[in-house]
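Trainee: Please pick one part of this model and walk me through it slowly. After that, show me what else is worth a look along the chain.

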Amino acid sequence: MNILISAIGQGLIWAVLGLGLFLTFRILNFADMSVEGTFPLGAATAVALIHNGVNPYLAMLAAAGAGALAGLVTGLLYTKGKIPILLAGILTMTAIFSINLRILNGANLSLLNQKTILNSHFMQQLPPFFNTVFVGMLTLAVIIGSLIYLLQTNFGQAFIATGDNPTMAQSFGINSDSMTIFGLMLSNALIAFGGALVAQNNGYADVNMGIGIIVIALASIIIGEVAFGDLSLNLRLVAIAVGSIFYRFVLLLVLQLGFNPNDLNLLSAIVLALALLTPKLQNIFKIKKIIKGSVTPHE
């Protein structure tokens with residue numbers, strides 16, 4: 001039972017990454033590679049500040065701010081510098097690696113004997129692994145509620161319109177460059193915030209902890225969409241959290257079957273590929289069924 005509770009808690013915490021990437025991947029219609037740098041940036045910022053006596057909550061806000069600055073850099077490179085979004089994200093991600101080394105003053109930094117949001121007095125009174133569940137649910141409730149409110153405002157609708165059709169959005173007086181920069185800043189702020197949360201859960205920050213993060217975030221989005229089909233925008237945000245939990249259950253099952261933990265990135269890629277292929281396979285089987293039903297045997 002503790003393993004299942006732990007998987008649920010992990011899924012809730014990691015769902016923050018899926019929500020962050022959703023803003024660029026689904027609304028702005030591009031995958032931002034800089035998230036593989038901003039995730040460890042958030043972790044490094046929070047851990048370094050906590051290690052120097054800063055309140056964990058303030059450290060997480062600082063981590064989100066650092067992520068927003070990274071998103072701003074990517075946005076300016078893309079919109080003003082006219083650098084392709086993929087290359088702009090890679091440039092930012094590469095630069096952040098060196099920044100993280102400076103923040104941590106090394107390759108990694110431990111939170112041993114440091115106070116975090118997950119080991120406070122209240123959290124220690126909860127049953128094993130319920131601290132991650134509680135923090136994850138509370139965090140997601142605030143983030144999802146805030147995103148739902150934001151996307152229903154006129155500003156949020158302009159942001160959505162920019163992703164749907166930038167040319168049409170500009171014809172209505174919407175500054176698509178500003179909306180794109182805003183989306184990248186908000187997305188990377190959430191990713192960095194998630195990195196700070198995961199680092200406190202793991203008890204350390206490492207400069208290499210961002211490798212493969214985009215696959216994990218995409219898995220939360222795709223699995224949620226495949227599992228629930230067509231949903232309203234608001235419900236899709238909730239589906240991402242559920243998809244993240246499903247993804248953790250799949251990894252747990254794979255590990256229980258005896259696979260090597262070193263193969264987790266490979267397994268993550270395979271899970272995501274299967275999730276992406278599911279709609280295509282469903283259409284193929286549906287077409288074959290229709291063809292088979294329309295063909296009658298000759299007498």
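Mentor: Let's start at a turning point: right after helix α2, Gly53 has a positive phi of about 90 degrees. Keep in mind that we're looking at a predicted model. Now step back into the helix itself. α2 covers residues 35-51, and at 1.5 Å a residue its 17 residues ought to span 24 Å. The C-alpha atoms at its ends are indeed 24 Å apart, so expectation and model agree. As for its surroundings, 15 of the 17 residues of α2 are buried, which means the rest of the structure largely encloses this helix.

Go back along the chain from α2 and you reach the loop that joins α1 to α2, where Asn29 sits. Asn29 also has a positive phi, of about 65 degrees, even though it isn't a glycine. That deserves a second glance, because most residues other than glycine have a negative phi. You'll meet another such case in the loop between α3 and α4, which holds Lys82. Lys82 has a positive phi of about 60 degrees and isn't a glycine either. With a relative accessibility of 62%, Lys82 counts as exposed, since the cut-off for that is over 50%.

Now compare Thr74, which belongs to helix α3. Its relative accessible area is 0%, so Thr74 is buried. What does Thr74 touch, once you set aside its neighbours within four places in sequence? Its contacts are Asp32, Ser34, Ile85, Ala88, Gly89, Thr92 and Leu184. Among these, Ile85, Ala88, Gly89 and Thr92 fall within α4, which runs over 85-104.

That stretch also turns up in a record. The unreviewed UniProt entry lists residues 12-31, 57-78, 85-104, 129-151, 178-197, 209-228, 235-258 and 264-281 under "transmembrane region". In the model, residues 85-104 are 100% helix and 0% strand, with 28 Å between the end C-alpha atoms. For residues 235-258, the figures are 92% helix and 0% strand, and the end C-alpha atoms lie 35 Å apart.

Next, have a look at helix α7, residues 154-164. Its buried residues are Gly156, Ala158, Phe159, Ile160, Ala161, Thr162 and Gly163. They pack against α1, α6, α8, α9 and α11.

Some of those helices come up again around the pockets. The largest pocket has a volume of about 560 Å³. It is lined by 22 residues, and the ones nearest its centre are Gln10, Trp14, Arg248, Leu251 and Leu264. Helices α1, α9, α10, α11 and α12, plus strand β2, each supply at least two residues of that lining. By class, you get 14 nonpolar, 6 polar and 2 charged residues.

The second largest pocket has a volume of about 480 Å³. Its lining is made of 21 residues, with Met60, Thr139, Val142, Ile143 and Phe193 closest to the centre. Here α3, α5, α6 and α9 each give at least two residues, and α6 gives the most, with 8. The class count for this lining is 18 nonpolar, 3 polar and no charged residues.

Notes:
Residues are numbered from 1 along each chain as its sequence is written. This is a predicted model: local features need pLDDT of at least 70, side-chain atom pairs count only at pLDDT 80 or more; totals for chains, interfaces and linings use all residues. Side-chain values use heavy atoms; hydrogens and water are left out. On a 1 Å grid over the protein atoms alone, a cavity is a set of points where a 1.4 Å probe fits but cannot get out, and a pocket is an open set with protein on both sides within 12 Å along at least five of seven lines; lining residues have an atom within 4 Å of a point. Grid points are joined across faces, edges and corners, and a volume is the space filled by probe spheres set on the points. Helices (H or I, at least four residues) and strands (E, at least two) are DSSP runs, numbered from the N terminus. Ala, Val, Leu, Ile, Met, Phe, Trp, Tyr, Cys and Pro count as nonpolar, Asp, Glu, Lys and Arg as charged, and the others, Gly among them, as polar. UniProt positions are given in the numbering used here, feature names are shortened, and annotations may be inferred rather than shown by experiment. The expected span of a helix is 1.5 Å times one less than its number of residues. Buried means under 20% relative accessible area, exposed over 50%, partly exposed in between (1.4 Å probe, protein chains only). Contact means heavy atoms within 4.5 Å.
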